[in-house]
Amino acid sequence: MIRLFAAIAAAVLALCAAAQAQDYPTRVIKMVVGYPAGSGGDVIARFYADQLSKICGKPVIVEDKPGMISSAAADAVAKATPDGYTILITSVTSSHAANLFNFKKLPYDPIKDFTPVATLQKSYFVLMVRPEAPWKSVAELTEAMRQKGSKGSYGYGSPPALASAELYKARKGLQTVGIPYKTSMASLGEMFSGELDFQFIDATAGMPLIDGGKLRGLAVTSGQRAPNVAIPTMAEAADIPGFDTAPVWGVFLPAGAPAPIVAQLEAWFGKIMTLDATRQFLANTHGTPFAGGGKALAEFIPAEIKKWEELARLAKIEPQ
């Protein structure tokens with residue numbers, strides 16, 4: 001009799017979840033991103049929020065929640081009600097992999113506390129110096145930083161930026177000092193003044209600075225050259241084989257989200273990735289498509305954690 005009641009209860013819950021998904025969404029959806037307004041991450045979030053709103057027929061608002069290099073946003077979503085109305089859009093590389101080695105303890109489990117929905121795109125970072133700097137190549141920058149020793153400095157505002165710089169330092173035997181910022185953009189004053197010698201900045205925010213002549217790009221952090229960008233890879237320019245710290249963006253719900261709602265969001269994001277508007281957005285913001293569903297994202301995370309464990313070891317990153 002107990003088993004019968006349990007089976008009936010499970011069936012009722014399944015029917016309720018299916019009915020809930022059929023009507024979903026009935027109100028505003030909140031999309032949380034771990035970067036401040038105007039940043040590259042915010043630009044990415046607002047594009048996908050706008051496209052999702054057009055497909056689902058309800059407003060999708062972006063909530064910028066910077067802190068802990070995107071982990072504050074991940075923590076907020078992990079603790080939210082798993083009803084499909086609070087979505088995390090994030091650099092999976094940062095919030096679910098690299099930050100395990102940047103911080104002594106995260107307030108969430110990157111696997112157990114989330115429901116994977118979709119992968120979206122890959123980005124890359126650009127090694128930049130001010131245009132007045134005498135260094136026209138990574139080789140010239142490297143020699144200058146060797147001469148400056150610990151008096152040289154760089155800024156960073158995200159795990160890929162930190163790992164890129166520290167991996168570069170480790171492989172080239174540099175003593176350059178890293179200075180943390182909330183975002184890459186927060187350091188621009190020091191970059192323009194010359195207080196910082198170099199910085200790795202995400203391409204979404206950084207390429208307009210290069211195009212506008214405000215900074216000079218020396219190399220990109222992706223494993224292959226970026227489309228339509230005449231800048232070599234770090235593997236080529238710095239002679240560091242296998243250098244690839246390009247972050248991947250994805251979408252999550254809190255753990256326990258109803259399967260029908262997860263499936264609906266997965267289908268919607270899959271559709272978004274096929275749109276001409278998305279292809280144009282990625283071209284304009286220097287991203288590359290990396291479309292996949294919840295299963296692909298779930299399989300990606302452990303591999304990315306393993307990759308960043310090795311990167312953290314090679315770059316000698318000490319958790320804070």
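**Strands, a helix and two nonpolar cores**

Met 31 stands opposite Val 62 of strand S2, and this pairing is a good place to begin a tour of the predicted model. Strand S1 (residues 29–33) and S2 (residues 60–64) are joined by five bridges and pair in the parallel sense. On S1, four of the five residues are buried, so the strand is largely enclosed by the rest of the structure. S1 also runs parallel to strand S3 (residues 86–91), with three bridges between them; here Lys 30 has Thr 86 of S3 as its bridge partner.

Together with helix H2, strands S1 and S2 form a right-handed β-α-β unit. The 17 residues of H2 (residues 40–56) should span 24 Å at 1.5 Å a residue, and this agrees with the 25 Å that separates its end C-alpha atoms. Among the buried residues of H2 are Ile 44, Phe 47, Tyr 48, Gln 51 and Leu 52. After the helix comes Gly 57, which has a positive phi, near 85°.

Turning to the interior, the largest nonpolar core has 51 residues, and those touching the most other members are Leu 127, Val 138, Leu 141, Tyr 168, Phe 198, Phe 200 and Met 234. Helix H12 (residues 294–315) gives this core its largest share, eight residues. A separate core of 33 residues includes Ile 29, Leu 120, Val 251 and Leu 265. Such groupings fit a general pattern: in soluble globular proteins, nonpolar side chains tend to be buried together. Beyond its neighbours within four places in sequence, Met 234 has contacts that include Leu 127, Val 138, Tyr 168, Phe 200 and Phe 243.

Conventions: Residues numbered from 1 in each chain as written. Predicted model: local features only at pLDDT ≥ 70, side-chain atom pairs only at ≥ 80, totals over all residues. Heavy atoms only, no water. Expected span 1.5 Å × (residues − 1). Buried < 20%, exposed > 50% of the residue type's maximum accessible area, 1.4 Å probe, protein only. Pairing = 2+ DSSP bridges. Right-handed = clockwise from strand over helix to strand, strands pointing away. Core = buried A, V, L, I, M, F, W, Y, C linked by side-chain atoms within 4.5 Å. Contact = heavy atoms within 4.5 Å.
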